[in-house]
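Colleague: Could you take me through this structure, please? I would like to begin with the overall picture and then turn to particular residues.

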Amino acid sequence: RVHGIIIYYPIFGGPIDDYLRDVIGLEKDVEGLNHRYRYSLYHNIRTIDNDAGKKCVLPCTPLAVIKIMEYLGAYDRTRPVGHQLDGKVAVVFNRSEVVGRPLAAMLANDGALVYSVDITGILVYRRGRVKGTLKVEETSVTPEKALTEADIVISGTRRRDCADISGDLAEIRSRHCRRALAELQGGHVARQEERHRDQFLGHAGMHRVGMSVRAHMPGEVAA
């Protein structure tokens, strides 16, 4: 008997990968990437109504980044859920369906203004005025400008993709090092500026399995 399925995307890319995500049943989806979970994520629905309030499964790599950010103190735990990143600006490099896009939505759901940087351009994610909505719009802001505003910078791209996504990141890093642009070394990284002191963690992707175990343990494991 198969209890859970995890797929390391991309496999084929495009609509075939979309199909694979959606054919995995809700009860076996370890990564939280099928349509039901994706819909819940982008509408800020945090539980499955017909399953005794069971929490929705979130994509495990973005969730790992969120938990790391909580540990680093980026979240204000004195505020209610959904407002713990109010006033924070985040820059997320990469807008893949597996990491970058859901991570931008998760940060926006928690109150951050998010610049989502990808090869196709920059989008701004913010919480919508209507409960359960996200506002996503194009912007003329450049990666350099976004980094000057950022409290948090997260990369979800490989080193060989750097030039395509954001130009000369080495130059940007040297000019905005106080804004904590993290190294891109084949893993996902999160870094934030706090009281003019950078905090850095590399290769958050290695924590994805731990997050998937946390989501599916009986009774769940405490954060």
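Modeller: We shall go from the whole protein to its cores, a cavity and a few single residues.

Modeller: Please keep in mind that this is a predicted model.

Colleague: How many helices and strands are there in the protein?

Modeller: The protein has 8 helices and 9 strands. It consists of 223 residues, and 46% of them count as buried.

Colleague: What does the protein expose, and which atoms supply it?

Modeller: About 11,800 Å² is exposed, and carbon and sulfur atoms supply 53% of that area.

Colleague: And what about contacts between residues at least 6 apart in sequence?

Modeller: Of those contacts, 55% join residues at least 24 apart in sequence.

Colleague: Let us go inside. Which residues touch the most other members of the largest nonpolar core?

Modeller: They are M69, L107, V114 and I154, in a core of 23 residues. Two or more residues of this core come from each of helix 2, helix 3 (60-72), strand 3 (89-93), helix 4 (100-109), strand 5 (121-127) and strand 7 (152-155). Helix 4 gives the largest share, with 6 residues.

Colleague: What does V114 touch, leaving out residues up to four places away in sequence?

Modeller: V114 touches A90, V92, A104, L107, A108, L123, V124 and Y125. There is also another core, apart from the largest one, with 11 residues that include V89, V124, L147 and A150.

Colleague: New topic: empty space. How many cavities of 30 Å³ or more does a search of the whole structure find?

Modeller: The search finds 2 cavities of that kind. The largest cavity holds about 40 Å³ of space.

Colleague: Which residues line the largest cavity?

Modeller: Its lining is made up of I5, I6, I7, Y9, R21, I24, D29, E31, L33 and N34.

Colleague: Where does N34 lie?

Modeller: N34 is in the loop between helix 1 (15-23) and helix 2 (35-42).

Colleague: Is N34 buried or exposed?

Modeller: N34 counts as buried because its relative accessible area is 4%, and the cut-off for buried is under 20%.

Colleague: What does the side chain of N34 reach?

Modeller: The side chain of N34 reaches the backbone oxygen of I24 at 3.4 Å. It also reaches the backbone nitrogen of Y37, at 3.1 Å. Leaving aside neighbours within four places in sequence, N34 is in contact with R21, D22, I24, G25, L26 and D29. Of these, R21, I24 and D29 are also among the residues that line the largest cavity.

Colleague: Now the backbone. Is the peptide bond from Y9 to P10 cis or trans?

Modeller: That bond is cis, with omega near 0°. P10 is located in the segment before helix 1.

Colleague: What is phi of N44, and where does N44 lie?

Modeller: Phi of N44 is near 55°, which is a positive value in a residue other than glycine. N44 lies in the loop between helix 2 and strand 1 (47-48).

Colleague: And what is phi of N94?

Modeller: Phi of N94 is near 105°, also a positive value in a residue other than glycine. N94 is in the loop between strand 3 and helix 4.

Colleague: Are N44 and N94 buried or exposed?

Modeller: N44 is partly exposed, with a relative accessible area of 27%. N94 is buried, with a relative accessible area of 13%.

Key. Residues numbered from 1 in each chain as written. Predicted model: local features only at pLDDT ≥ 70, side-chain atom pairs only at ≥ 80, totals over all residues. Heavy atoms only, no water. Helix = DSSP H or I, 4+ residues; strand = E, 2+ residues; numbered from the N terminus. Buried < 20%, exposed > 50% of the residue type's maximum accessible area, 1.4 Å probe, protein only. Polar contact = N/O pair within 3.5 Å; in protein donor to acceptor, adjacent residues only side chain to side chain. Contact = heavy atoms within 4.5 Å. Core = buried A, V, L, I, M, F, W, Y, C linked by side-chain atoms within 4.5 Å. Areas by Shrake-Rupley, 256 points an atom, 1.4 Å probe, with all protein chains shown as cover. 1 Å grid on protein atoms, 1.4 Å probe; cavity = no way out; pocket = protein on both sides within 12 Å on 5 of 7 lines; lining within 4 Å. Points joined across faces, edges and corners; volume = space filled by probe spheres on them.
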